[in-house]
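Reader: I should like to learn how to read the features of a model of this kind, one at a time. Where shall we begin?

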Amino acid sequence: MKNFEYKNPTKILFGKGQIANLDNEIPKNAKILMLYGGGSIKRNGIYKQVMQALNSRKVVEFGGIPANPEYEILMKAVSVIKNQNLDYILAVGGGSVIDGAKFISASVKYQGVDAWNILTKNEPITDALPFATVLTLPASGSEMNSGAVVSRRSTKEKLVFKSPLTFPQFSILDPSVIQSLPKRQIVNGIVDAFMHTLEQYMTYPVGAFLQDRFAEGILQTLVEISEKVIKNPSDYESASNFMWSCTMALNGLISQGVPSDWGVHTIGHELTALFGIDHARTLAIVAPRYYEFCFENKKEKLAQFAERVWGITEGTTTEKAKKSIEKIEDFFNSLGVKTKLSDYTKDYKKTAEEISKRFIQRNWLGIGEHKSLTPDNIASILKNTY
Ligand code: NZQ
Ligand code: ZN
């Protein structure tokens, strides 16, 4: 097991009716920017619950945060906060709204020339506005981590930042909010959390038995509840296991003491930036081909995964490891998720060249758990996704 330091300051309020506890958690005199997406919260009753709980506090609403939060729109929210002297952000939504809140909270306090530099130049965040969340879509894990992914459609970029200062103060996780989710988004949530876990597990053994079982526990749970929660999102038992699995998959716990990969995500973000493909679906396109390309480096964990998650105990390590990749793709297809890039866009032919060129421009010359995958390797993997 590797050395680690782990701290997660976010308070979690989990369960039915917890939205009402916003009143106990947010300072009475807070001047709040309430951030939300395209309006689902106004159609499914969550907005009403939130406004009731916020009581007589000053609230300025800012809606219209798109899936894959847009830099230009987020900067407008920054101006609203500055002009109206607001001092607290409440994000009500999925990963896009919560990530948006993280970028806004840092940008309000940003002293540099252009807040976009936080993403392109890794400019340090030295201060941030406090914010909290009401999660409406289990998927990203953003509700209990400090990372965010921000898009800029004008340059077709989608980039990541994280800071110890951009953890939510607290997050409300009420599994009953998923009742209004379309199947497409529930499936996205399952696939995204599944891949978050694999990015922190499908590397090489380091004698971290407990972390491996934590990860396998999340993977087994997602497989177990997937059909039920898709069929009946009102089934509270499945919904609560789904939601907590998604949070636990990316709150930092399972990556402590073990190597992480994140290569699948790094490539996936480019597919969203270029083609607008849902985040989770980009991962389903890349992952099987990525694991085939990195087979020798990942063989032991692939075989362990086959045994412990899929119950495949017959065969050699190589045979089990190969079956493992087939099972991942079968699982995604069984959820109705297509795994070829050409299933999502006709303009795929130059993707490999375009993305490897971008990686070279950004000096991303070695990704993955060994920092060994070159832009050429990425191009080969992408060609296999067509
Ligand atoms: O905008 P509204 O109208 O609310 O509709 C949303 C949106 O269209 C809808 N939705 C959300 N909750 C709903 C609902 N519809 C009905 N009922 C509800 N209860 O779902 C759509 C997608 O929402 P979005 O927030 O985009 O989805 P998700 O939670 O999957 O977040 C995706 C974003 O998170 C980033 C992704 O890159 C992407 O930008 N990620 C963030 C991570 C992090 N911070 O650690 C890690 C992830 O790997 C990921 O990169
Ligand atoms: Zn993800």
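Author: Let us begin with the cysteines. A disulfide is a covalent bond between the sulfur atoms of two cysteines. In this predicted model, a search of the whole structure returns zero disulfides.

Reader: Are Cys246 and Cys294 buried or exposed?

Author: Cys246 counts as buried because its relative accessibility is 0%. Cys294 is likewise buried, at a relative accessible area of 8%.

Reader: How should the zinc site be read, and which protein donors does the zinc ion (ligand 2) have?

Author: One begins with the general geometry. Ideal angles at a metal are 109.5 degrees for four tetrahedral donors, and 90 or 180 degrees for six octahedral ones. Here the protein donors of the zinc ion (ligand 2) are Asp192 through OD, and His196, His265 and His279 through NE2, at 2.0 to 2.2 Å from the ion. Along the chain these donors follow the spacing D-x3-H-x68-H-x13-H. His196 in helix 7 (residues 183-199) and His279 in helix 11 (residues 279-293) are 83 residues apart, and this pair links distant parts of the chain.

Reader: Are His196 and His279 buried or exposed?

Author: His196 is buried, with a relative accessible area of 2%. His279, at 16% relative accessibility, also counts as buried, because the limit for that class is under 20%.

Reader: Let us turn to the sheet. What is the strand order of the open sheet, and what is its pairing?

Author: The six strands of this open sheet are arranged in the order 1-8-5-4-2-3, and the pairing is parallel. Strand 1 (11-14) and strand 3 (58-62) form the edges, each pairing on one side only. On average, neighbouring strands of the sheet are turned by 20° against each other, direction ignored. Within the sheet, strand 2 (residues 31-36) and strand 4 (residues 88-93) run parallel and are joined by five bridges. Met34 stands opposite Leu90 in strand 4.

Reader: Which strands does helix 4 lie across?

Author: Helix 4 (residues 71-84) lies across strand 2, strand 3 and strand 4, and runs at about 160° to strand 3.

Reader: How many residues does the largest nonpolar core have?

Author: That core has 124 residues, and Leu33 and Leu90 are among those with the most contacts inside it. Leaving aside neighbours within four places in sequence, Leu33 is in contact with residues including Val60, Phe62, Ala77, Ile81 and Leu90.

Reader: How is a positive phi to be read?

Author: Most residues other than glycine have a negative phi, and most peptide bonds are trans. Asn68 has a positive phi near 65°, and its place is in the loop between strand 3 and helix 4. Asn363 also has a positive phi, of about 65°; its place is in the loop between helix 14 (351-361) and helix 15 (375-383).

Reader: Are Asn68 and Asn363 buried or exposed?

Author: Asn68 counts as buried at 16% relative accessibility, whereas Asn363 is exposed, with a relative accessible area of 57%.

Reader: Finally, where is Lys320, and what is it in contact with?

Author: Lys320 is in helix 13 (residues 317-334). Lys320 is buried, with a relative accessible area of 9%. Leaving aside neighbours within four places in sequence, the contacts of Lys320 include Leu302, Ala306, Glu307, Ile312 and Glu314.

Notes: Residues numbered from 1 in each chain as written. Chains lettered and ligands numbered in written order. Predicted model: local features only at pLDDT ≥ 70, side-chain atom pairs only at ≥ 80, totals over all residues. Heavy atoms only, no water. Core = buried A, V, L, I, M, F, W, Y, C linked by side-chain atoms within 4.5 Å. Buried < 20%, exposed > 50% of the residue type's maximum accessible area, 1.4 Å probe, protein only. Contact = heavy atoms within 4.5 Å. Pairing = 2+ DSSP bridges. Helix = DSSP H or I, 4+ residues; strand = E, 2+ residues; numbered from the N terminus. Axes fitted to C-alpha atoms, helices over the stretch in contact; angles between N-to-C directions. Donors = N, O, S within 2.8 Å, 3.2 Å for Na, K, Ca; no water. Disulfide = S-S within 2.5 Å.
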